[in-house]
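Student: Please take me closely through one part of this model, and then place that part in the rest of the chain. I would like the cut-offs behind each term spelled out as you go.

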Amino acid sequence: MKFSAKVLAVLMALILTLAGCSGGDTSWVAQAGEETITPGVYLVQLMMGYNEASSQKPTTEDIMKETIDGLPAAQYITDYAKNECAKLLVVHQEFAKRGLELTADDTEQANSYTEYLYQLGENFYQANGVAKESVQYINDTTMMSLAVFNSIYGEGGEKEVPRAELEKAMAEQYTRSQYILFPKVDTSTGLPLEEEAIAAAKAKAEECLKKAQAGENFTDLLYESAKDLDSVNIQERQEKDTAYDAYLENNAGFYPPVYETAILEMADNEIRMVEDDFYCYILKKLPLLEGEPERLEGYLSAILQNLKYDEYIGTLDSWAKELDIKYNNAALAAYSAAKLKMTQEEISAANSSESSSQTSGESSESASDEGSSAA
């Protein structure tokens, strides 16, 4: 049978298309403009999607057999990963559009967090074929996202939140104070001291209280008391008194109840003694907004993020929906939710297999080298 040149061209195109579908380039998963999501980055998002799915079905033994929000788990996890990848792509686009740059501190923070995360989850990452560079990309993008966030809601941004509003929110949530401890227990064992020792500790505390209320430098008294206790936390007197400041979130339960209750009741610069079964505390409440500027800015930044986080995520979602994203179907098939290795048994098996392959490869190379030497 003879074919015309036109028919032959159509057949050749079909053959090439089928060949591409059966194998295909799987070196990328998604693209938007010049930015590309690699398989490693996509796999991390699949893993996050798996954890999100598992959190919604905490009692299930096999999450992949479940239905979540009306979707099979595999589809739910895939959709989650694609949505997160879309946010990564749109952050890169907005970061470039706004002419933003990461600072040296931003880069250092991203690098440090990458090292921490990869070491913490190394077995998970390696079992699923995720290199450290993929985790680095995500953390770099997180710092870019924070820069985009600040360009919107920070000083000079199109939706700037006034500093006065942030300071008001902080004043409603935090206090700043310093404290001096006089233990009523053995600090190495936690056991109560003898009655005479407790009485002596209370006497020292009352003497310290009088000195502080008489105007002696509170942090000098704090340091001297810490030296007497041989505190590992305070080895040298810091140059700035603010180095000893404690910022407490109201009623958060991080400090003893008697401390947190008293600080909320006290006026700025008031000095008071309180006690519980463990310590006598000499407390000084400090004006919240007069602390170390760098620490203050850190708290204000965190408050801004808390205030506007949901709104910002909604903005990212809307931007991502408008983004023209090209997905690589071959890669989506190659790196699917069903192929994730997330249980301890799967991880151990994958890493053991990888270790065996490396050992086998090294043995073959060694034998080859020995054969070459013998020849």
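Tutor: On the other side of helix α8 from its buried residues, E195, E196 and K210 are exposed, where buried means under 20% relative accessible area, exposed over 50% and partly exposed in between, with a 1.4 Å probe and protein chains only. This is a predicted model, in which local features need pLDDT of at least 70 and side-chain atom pairs count only at pLDDT 80 or more, while totals for chains, interfaces and linings use all residues. Residues are numbered from 1 along each chain as its sequence is written, and side-chain values use heavy atoms, with hydrogens and water left out.

The buried residues of α8 are A201, A205, C208, L209 and A212. They cover an arc of only 105 degrees around the axis, which puts them on the same side of α8; the arc is that of the directions from the helix axis to the C-beta atoms. The spacing behind such a pattern is a general one: an α-helix has 3.6 residues a turn, so residues three or four places apart point the same way. The cover over the buried residues of α8 includes β5, α9 (218–228), β7 and β8 (279–286), with contact meaning heavy atoms within 4.5 Å, and with helices (H or I, at least four residues) and strands (E, at least two) taken as DSSP runs numbered from the N terminus.

The length of α8 can be checked as well: at 1.5 Å a residue, its 19 residues (195–213) should span 27 Å, and the end C-alpha atoms are 27 Å apart, which agrees; the expected span is 1.5 Å times one less than the number of residues. After α8 comes G215, whose phi is positive, near 110 degrees.

One of the elements covering α8 is β5, and this strand (residues 174–183) holds R176. R176 has a relative accessibility of 4% and therefore counts as buried. Neighbours within four places in sequence aside, R176 is in contact with T242, D245, A246, Y247, K284, K285, L286, P287, L288, E290 and G291. Of these, Y247 is 71 residues from R176 in sequence, yet 4.6 Å from it in space, C-alpha to C-alpha.

β7 (271–275), another of the covering elements, is joined to α10 (257–265) by a loop that contains N269. N269 is not a glycine, but has a positive phi of about 70 degrees; as a general matter, most residues other than glycine have a negative phi, and most peptide bonds are trans. With 46% relative accessibility, N269 counts as partly exposed. D69, in the loop between β3 (67–68) and β4 (71–72), is another residue other than glycine with a positive phi, near 50 degrees, and D69 is exposed, with a relative accessible area of 62%.

Helix α4 (residues 104–120) can be read in the manner of α8: its 17 residues should span 24 Å at 1.5 Å a residue, and its end C-alpha atoms are 24 Å apart, which agrees. The buried residues of α4 are D106, A110, T114, L117 and Y118. They cover an arc of only 90 degrees around the axis, which puts them on the same side of α4, whereas A104, D105, E108, Q119 and L120 are exposed on the other side. The buried residues of α4 pack against α5 (122–127) and α6 (132–153). In α6 lies N139, which counts as buried at 7% relative accessibility and, apart from neighbours within four places in sequence, is in contact with A110, Y113, T114 and L117.

A helix pair completes the picture. The axes of α7 (residues 163–173) and α11 (residues 293–322) come within 9 Å and cross at roughly 95 degrees; axes are lines fitted to C-alpha atoms, for helices over the stretch in contact, and angles run from 0 to 180 degrees between N-to-C directions. α7 and α11 are therefore roughly perpendicular to each other, since angles of 65 to 115 degrees count as roughly perpendicular, under 35 as roughly parallel, over 145 as roughly antiparallel and the rest as oblique. Across this contact, R163, E165, L166, E167, A169 and M170 in α7 meet L296, E297, Y299, L300, I303, L304 and L307 in α11.

For the whole protein, the secondary structure comes to 13 helices and 9 strands, and buried residues make up 36% of the 375 residues.
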